[in-house]
Amino acid sequence: MSLTPLFSFLLFLLFPLSLATQFPLPSGVQPEGVTFARGSNYFAADIRSGSIFLVDVASGLVTTAVAPIPGRIGGGIDASKDRLFVAGGGSFLPGVEPALHVYDIPTGTPIATCPTGGGSLVNDVIADKDFAFYTDSFRGVVYKLSISALPRCRFETIPLPTPAFKPEAGVFRANGIVKYKGGLIVANSELAAPFFIDILNGNKAQRILPNGTTEGIDGLDIVRMKGGSLLYVTQNSLNRVSVWKLSIRGRRVSAKFVKNITSSGFNVPTTVAVKKNTLVVANAAFGSVPPTGPIDDDVRLNITAIHI
Ligand SMILES: *[C@@H]1O[C@H](CO)[C@@H](O)[C@H](O)[C@H]1NC(C)=O
Ligand SMILES: *[C@@H]1O[C@H](CO)[C@@H](O)[C@H](O)[C@H]1NC(C)=O
Ligand SMILES: *[C@@H]1O[C@H](CO)[C@@H](O)[C@H](O)[C@H]1NC(C)=O
């Protein structure tokens, strides 16, 4: 027997430590990106079709926010004001043209799609009111897209330091991204560590944790707090989200381990969104469902909400 999302969410409010709630997406959907929308709603992006779903973790209601468009996929996503920024993946997925996508949230219609060319893997994105920063895993760069120029595609390409982010076909380096203290924190999947890219200081880079500390590092989120912001790191292959307390002295960033969050509901979590006491992950299930292969009709992939 499976519980309805609404009923299980009520249980989750009553027994917050013991239960994670699963929110199944429509069949054929493989969630890779997740971000907070508003209230109890989160957006989830489909790496197969580029569709974006709005999931209400209070009611379990799942609706389509952006309909699929041929040749597009949805990787990491971020919402800012009425715009949704979607990392458009790479041509290693058949028929996909790598690009920086921007959608209008109220109507679900495209505002801009900015091609990045062959050899790209546009993986994740973070936006503020002026710019959206997209990572490219294979090229070792961040694209800084001007929001005021939209719908025109005006972006600057910021090279990340080598050898840490050496451009190399097929090797996932730059991955999840968040903003921190006037700079960017960028996950390096190959080195299994997060980096601080100080865009206020000529894009100088620092490794925040030693190589290998965060195996399977993928999407990130940050919760800003007085006395030290918290960095949430998805570790996809370990089915874990690790939590780190950040501090900055001068322009030197350090991170102290806080805890690991695990759940039987995690299935290769690729991205995370934290709002107040709710943590939501997208379970891409890459271990059992390769994104380039077929997906069985009876397989329903989930996003998971946990009370933290
Ligand atoms: C971490 O990995 C990078 C890239 O392979 C290497 O250049 C660097 O020396 C490594 N750092 C340490 C402390 O092992
Ligand atoms: C958290 O996970 C790491 C592995 O990534 C492990 O070494 C460490 O012991 C865990 N810490 C706790 C407190 O469970
Ligand atoms: C989705 O969640 C349900 C309920 O917990 C679980 O039975 C199922 O295995 C999950 N699906 C995948 C593919 O992880």
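A polar contact here is a pair of N or O atoms within 3.5 Å. Keep that cut-off in hand, because the tour below leans on it at each ligand. Bear in mind, too, that you are looking at a predicted model.

Let's start with ligand 2. Its surroundings are made up of Arg240, Phe257 and Asn260. Arg240 puts a polar side-chain atom 2.7 Å from an oxygen atom of the ligand, and since the cut-off is 3.5 Å, that pair counts as a polar contact. Asn260 does something similar, with a polar side-chain atom 2.4 Å from an oxygen atom of ligand 2. As for cover, ligand 2 has 360 Å² of accessible area on its own, and the protein takes up 38% of that.

Now look at where those residues sit. Strand 21 spans residues 240-249, while strand 22 covers 252-262. The two run antiparallel, with ten bridges joining them. If you want a spot to anchor your eye, find Ser242, which stands opposite Asn260 in strand 22.

Step back a little and the rest of the sheet comes into view. It is an open sheet of four strands, ordered 19-20-21-22, and the pairing is antiparallel. Why do strands 19 and 22 each have one side without a neighbour in the sheet? Strand 19 (217-223) and strand 22 stand at the edges and each has a single partner strand, so one side is left free of a neighbour in the sheet. Going from one strand to the next, the twist averages 25°.

On to ligand 3, which has Gln22, Asn267, Arg300, Leu301 and Asn302 around it. By class, that shell splits into one nonpolar, three polar and one charged residue. Follow the side chains of three of them to oxygen atoms of the ligand: a polar atom of Gln22 lies 3.1 Å away, one of Asn267 lies 2.9 Å away, and one of Asn302 lies 2.2 Å away. Ligand 3 exposes 360 Å² when taken alone, and the protein buries 48% of it.

Last stop, ligand 1. Here the residues to pick out are Pro163, Leu191, Arg207 and Asn211, a shell with two nonpolar, one polar and one charged residue. Asn211 brings an N or O atom of its side chain to 2.4 Å from an oxygen atom of ligand 1. Of the 360 Å² of accessible area that ligand 1 has on its own, the protein covers 38%.

Key: Residues numbered from 1 in each chain as written. Chains lettered and ligands numbered in written order. Predicted model: local features only at pLDDT ≥ 70, side-chain atom pairs only at ≥ 80, totals over all residues. Heavy atoms only, no water. Near = heavy atom within 4 Å. Polar contact = N/O pair within 3.5 Å; in protein donor to acceptor, adjacent residues only side chain to side chain. Areas by Shrake-Rupley, 256 points an atom, 1.4 Å probe, with all protein chains shown as cover. Nonpolar A, V, L, I, M, F, W, Y, C, P; charged D, E, K, R; others polar. Pairing = 2+ DSSP bridges. Axes fitted to C-alpha atoms, helices over the stretch in contact; angles between N-to-C directions.
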